[in-house]
Amino acid sequence: MSDPIEKSTTALERAKIPLPKFLKKNHYFGFLGILLVYLLAGTYSEYSQTIMNTIIFAIIGASLIVVFGMAGQLTLGHTIFVAAGVFLSANITTVWTRGLETELPIAFGVAFLLGLIVGFPSLRVNELYLALATFAVAFVGVQVLFEWKQFSGGGSGKPVGKLELFGYEFSRGPTLVRIALVLMLITFWIVGNYQDGRTGRSWNALRTSETAARAAGLPVAWLKILCFGIGGGLAAIGGVLYAHTLRYAIPENYGVSLSIIVVLALIIGGKHRLMGAVLGAAFVKWLPELSRDVQEYEGLIYGGTLIILTLIAPDGLVGMFEWLGERVKNLKNGSEDGKTLSADEGTAPLESQYLAPLASSEAKGSLIVRDAAVAFGGVKAVDGVSFEIPAGGVTGLIGSNGAGKTTLFNAITGHVKGATGQFILDGEEISQKPIHNRALSGLGRTFQNLNLHDDLNVLEHALLGLDRNMKYGRIAESFRMPWVLREEKNAHYVAAELLDHMDLLEYWNEKVEDLPYGLQKRVDVVRALATNPSILLLDEPAAGLPTAEALEMMEKVQEYANHISAGVLIIEHNVELVAGVSDRIIVLDAGKTIADGTPEEVTRNEQVIAAYLGT
């Protein structure tokens, strides 16, 4: 006789949320396309050079998706990693007389380490200044190659040796194309696995909101450096192939101009999709081949295409095709996908086999704040605030605009510089910890201005909160090992049940920017709840919502907080709401505590009435 829990329909099944798989439909199409080129490589041998260049640019484009498309780090020095692969290949084949079995791992490893070094400026500068910094890296890198004659041959360059693998020599042309296709398949497989896993979600999160990513417990600094390392290593693979295609390595071929072309190609194709890397590579490599009469106008064509796509399809060619496909699909179906749930209601979310194990009878979230202070210039936004919140309690924090409520939250969570005081959570002092470590210690929070990730859907926001619970490493994720799939599937089930609890299940596949404000507020709460916090800091969760909708949402939050025995600290202007849900209320005025007591005591306090409530 089967277990009744197993019989019940899960939230994931009712919402028809697809589970992570080892292979997806686009993988099969990709395999077929690669197999077709593999088989036809010899037939169209006169185009082998152009096909080869297209594959190389697609590999470089895929590596750039890691850095630019997912992590949002605009780099104009990416071809320094390609150059590393090219000249390492030249030296390994001529000096060491080794083959691809040595060239590929060494090129990847050296470029990975180089990428970690190049990625350090991203910790200090963003966007335009990062682009300028990496531009300088590319420029200086080429000059180093010119001067390092023993390694690069200087201005005259260096020849590339035989194409070998474990002692077996291969001819170039169609054979090299087939080898390149296999390497492209491996590169796309790795990048695709990142896109569908926790690392890709984390990179997308820091691209859209570093503040919220840190609050979810993500190590933003390491993620930034890591994207340059992985992107650099994969670009070096393209460099090894480039070396064997050109058969000669010259420093001037890998300067800033090539970096700009590969970035341009990816933007034209679509920087968020692997197919964009293919389309962009095909555009910049086949256009000159098929239109030799207009080669002198290449720059004008590329620039014009980029301008047009920026205006009508900012996500590139692949984004334009996806948009058209969605419109056709919606016209055919007559309704939007993802909003129809099965009639079977299944098990209550908190009683499901995925959320029930999170229940705890041991109260947590004891928070001690001692002499918290924050000053902006000569203005003290928070001035010596002290209080203690017992484990498992619900505490309200009210005050007029400018009283210092959000600044106090930011001091507790580490989001404001120069904060002083002592913060102790469940007996552990967190005062000196960075933001993401405070989050990992048990601080969950929402934001007054939401700080959602516009390019992620509702389900992915919940999965971001669950990131810390996924017990697999980056290497295992690269090759989608069985335990990676197991962890991802379990996280999807948990996320679906959490969305169901917060009445967001039917919107699981919606981009957050397309949702009404009230639902966006719930998504912000879900992301924080998914971190399984010891104490949840809610910054005006009901702002802009009708009282009935706000009370309903707070009831759901309280239910889940009680389920995991977490504490809640809530900032809210709606005194009726705060009084209805709080065991205790703290009142701030001009950065200082003017009252602390039960809702009844606070609402009768004359100082509070004068400063905040009014007559």
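Trainee: Where along the chain is the place of alanine 590?

Mentor: Alanine 590 sits in the loop between strand 13 (584-589) and strand 14 (592-597). Strands here are DSSP runs of E with at least two residues, helices are runs of H or I with at least four, and both are numbered from the N terminus. Keep in mind that this is a predicted model, where local features need pLDDT of at least 70, side-chain atom pairs count only at pLDDT 80 or more, and totals for chains, interfaces and linings use all residues. Residues are numbered from 1 along each chain as its sequence is written, and side-chain values use heavy atoms, with hydrogens and water left out.

Trainee: Why does alanine 590 count as exposed?

Mentor: Exposed means over 50% relative accessible area, buried means under 20%, and partly exposed is in between (1.4 Å probe, protein chains only). Alanine 590 comes out at 54%, so it counts as exposed.

Trainee: And what makes its phi worth a look?

Mentor: Most residues other than glycine have a negative phi. For alanine 590, phi is positive, near 55°. Threonine 97 is another non-glycine residue with a positive phi, about 50°. Threonine 97 belongs to the loop between helix 5 (79-94) and helix 6 (100-118).

Trainee: Is threonine 97 buried or exposed, and how do you know?

Mentor: The relative accessible area of threonine 97 is 56%, so the label is exposed. Valine 379, in strand 6 (379-389), has 53%, so that residue is exposed too. Its C-alpha is 9.7 Å from that of glycine 591, although 212 residues separate them along the chain.

Trainee: Why is valine 191 called buried, then?

Mentor: Valine 191 has 0% relative accessibility, so it counts as buried. Valine 191 is part of helix 9 (174-195).

Trainee: Which residues is valine 191 in contact with, leaving aside neighbours within four places in sequence?

Mentor: Contact means heavy atoms within 4.5 Å. On that test, the partners of valine 191 are Ala62, Ile65, Val66, Met70, Leu234 and Leu274. Isoleucine 230 is 39 residues away in sequence, with a C-alpha distance of 9.3 Å to valine 191.

Trainee: Zooming out, what radius of gyration would a compact globule of 615 residues have, and how does the chain do?

Mentor: The rule is 2.2 Å times the number of residues to the power 0.38, with the radius taken over C-alpha atoms. That puts a compact globule near 25 Å, and the chain has 28 Å, which agrees. Along its principal axes the C-alpha trace spans about 85 × 65 × 45 Å. In all, the chain has 26 helices and 14 strands, and 53% of its residues are buried.

Trainee: How do you know that the second largest pocket lies between domain 1 and domain 2?

Mentor: A pocket is an open set of points on a 1 Å grid over the protein atoms alone, where a 1.4 Å probe fits, with protein on both sides within 12 Å along at least five of seven lines; lining residues have an atom within 4 Å of a point. Both domain 1 (44-327) and domain 2 (367-613) give residues to this lining, so the pocket lies between them. Those bounds come from an automatic or database domain assignment. The C-alpha centres of the domains are 40 Å apart, and 28 residues of domain 1 are in contact with 29 of domain 2.

Trainee: Which element gives the largest share of that lining?

Mentor: Helix 12, with 4 residues.
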